[in-house]
Amino acid sequence: MTSTFPNISISTERLVLRPLDEDDVPALAEMMNDEQVGAWTSVPQPYSEDAARRWITEYAPAERLAGRGLDLAVTEFLTQRLVGLVRLTKTNWHIRSTELSYIIAPWARGEGYASEAALATAQWLLGDQKFERIELRTAADNAAAQQVAQKIGCISEGVLRSACIVHVRTEDGTWADVRSDYIVWSLLPEDLEGAGEELAGSDGFTSWN
């Protein structure tokens with residue numbers, strides 16, 4: 001039987017990570033139309049509210065129920081504003097491994113939210129869910145994503161040459177595909193020791209179904 005992630009909410013000092021809901025449609029669409037999201041992800045550009053609604057109501061629930069992954073909205077605890085997204089994909093329940101990625105909205109960058117959300121998710125996965133490996137892949141020139149991986153204690157394992165596509169703006173304003181390398185990072189349970197001192201302690205989050 002395929003295992004699945006629970007419908008989980010994770011709370012940190014400043015953030016609540018929770019399932020996406022239809023109220024997130026406008027903010028999710030606005031976030032996905034950001035230049036940095038267009039450059040470093042495979043999210044289609046432009047990104048419509050209809051696409052956001054399909055993601056929230058169809059794609060994300062199907063991925064969770066099939067055991068392939070989990071999408072969590074990252075929201076501010078005080079304002080409940082959507083500030084980002086944490087995604088778990090390519091989950092292998094036999095070896096207890098999954099790939100983690102994150103997007104932070106342009107209106108919330110520079111606050112350390114990516115590191116806080118990623119660390120809380122990792123603590124939940126490696127603690128409550130008894131996972132043994134979390135993998136992150138960052139494009140070679142995406143320095144911000146690499147800084148997050150380092151802050152939460154990830155270990156760089158090497159480079160996958162010419163393994164991903166990033167996007168650049170052309171002179172006529174359209175997007176062009178450019179090949180790039182992936183840097184592969186991993187996080188194991190023992191890697192979390194000390195990683196939270198900069199961000200949060202090992203008990204710095206709570207979770208509920």
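**Entry 1: the largest pocket**

I sorted the lining of the largest pocket by class and found 23 nonpolar, 12 polar and seven charged residues. I note at the outset that the model is predicted, and that every value I write down here is computed from it. For the volume of this largest pocket I have about 1200 Å³ of space. I then looked up which of its 42 lining residues come closest to the centre, and these are Trp40, Thr41, Tyr102, Ile103 and Asn142.

Which element gives the most to this lining? I find that strand S5 does, with six residues. Going through the elements that each supply at least two residues, I listed helix H2 (35-40), strand S4 (82-92), strand S5 (97-104), H4, S6, helix H5 (143-151) and strand S7 (155-169).

**Entry 2: the second largest pocket**

I turned next to the second largest pocket, for which I have about 170 Å³ of space. I wrote down its lining as Asn7, Pro19, Leu20, Ile56, Ala60, Pro61, Arg64, Leu65, Leu70 and Asp71. By class I count these as seven nonpolar, one polar and two charged. Helix H3 and strand S3 (70-76) each supply at least two of the lining residues, and the largest share, five residues, comes from H3.

**Entry 3: Glu63 in helix H3**

Staying with helix H3, which covers residues 49-65, I looked up Glu63, which lies in it. Is Glu63 buried or exposed? I have Glu63 at 15% relative accessibility, and because the cut-off for buried is under 20%, Glu63 counts as buried. Leaving aside residues up to four places away in sequence, I find that Glu63 touches Arg68 and Gly69.

**Entry 4: aromatic pairs**

I searched the whole structure for aromatic pairs and found five. One of them joins Phe5 and Phe131, which I recorded as stacked, with 5.7 Å centre to centre and 25 degrees between the planes. I then asked where the two partners sit in the chain. Phe5 lies in the segment before strand S1 (9-11) and Phe131 in the loop between helix H4 (113-128) and strand S6 (133-139), so this pair ties together parts that are 126 residues apart in sequence. Both partners came out as buried when I checked them, Phe5 at 0% relative accessibility and Phe131 with a relative accessible area of 1%.

A further pair that I recorded is that of Tyr47 and Trp55, which is edge-to-face, with 6.4 Å centre to centre and 75 degrees between the planes. Here too I checked the accessibility of each partner, and I have Tyr47 as buried at 8% and Trp55 as buried at 10%.

Which residues form one aromatic cluster? I find Phe5, Trp93, Trp124 and Phe131 in it, so that the stacked pair of Phe5 and Phe131 belongs to this cluster.

**Entry 5: His94**

My last look-up was His94, which I found in the loop between S4 and S5. Is His94 buried or exposed? At 73% relative accessibility, and with exposed set at over 50%, I enter His94 as exposed. I also noted how His94 stands to Ser3: the two are 91 residues apart in sequence, and I have them 9.3 Å apart in space, taken from C-alpha to C-alpha.

Methods: Residues are numbered from 1 along each chain as its sequence is written. This is a predicted model: local features need pLDDT of at least 70, side-chain atom pairs count only at pLDDT 80 or more; totals for chains, interfaces and linings use all residues. Side-chain values use heavy atoms; hydrogens and water are left out. Helices (H or I, at least four residues) and strands (E, at least two) are DSSP runs, numbered from the N terminus. Buried means under 20% relative accessible area, exposed over 50%, partly exposed in between (1.4 Å probe, protein chains only). Contact means heavy atoms within 4.5 Å. Rings of Phe, Tyr and Trp (its six-membered ring) pair if their centres lie within 6.5 Å; planes under 30 degrees apart count as stacked, over 60 as edge-to-face and the rest as tilted. On a 1 Å grid over the protein atoms alone, a cavity is a set of points where a 1.4 Å probe fits but cannot get out, and a pocket is an open set with protein on both sides within 12 Å along at least five of seven lines; lining residues have an atom within 4 Å of a point. Grid points are joined across faces, edges and corners, and a volume is the space filled by probe spheres set on the points. Ala, Val, Leu, Ile, Met, Phe, Trp, Tyr, Cys and Pro count as nonpolar, Asp, Glu, Lys and Arg as charged, and the others, Gly among them, as polar.
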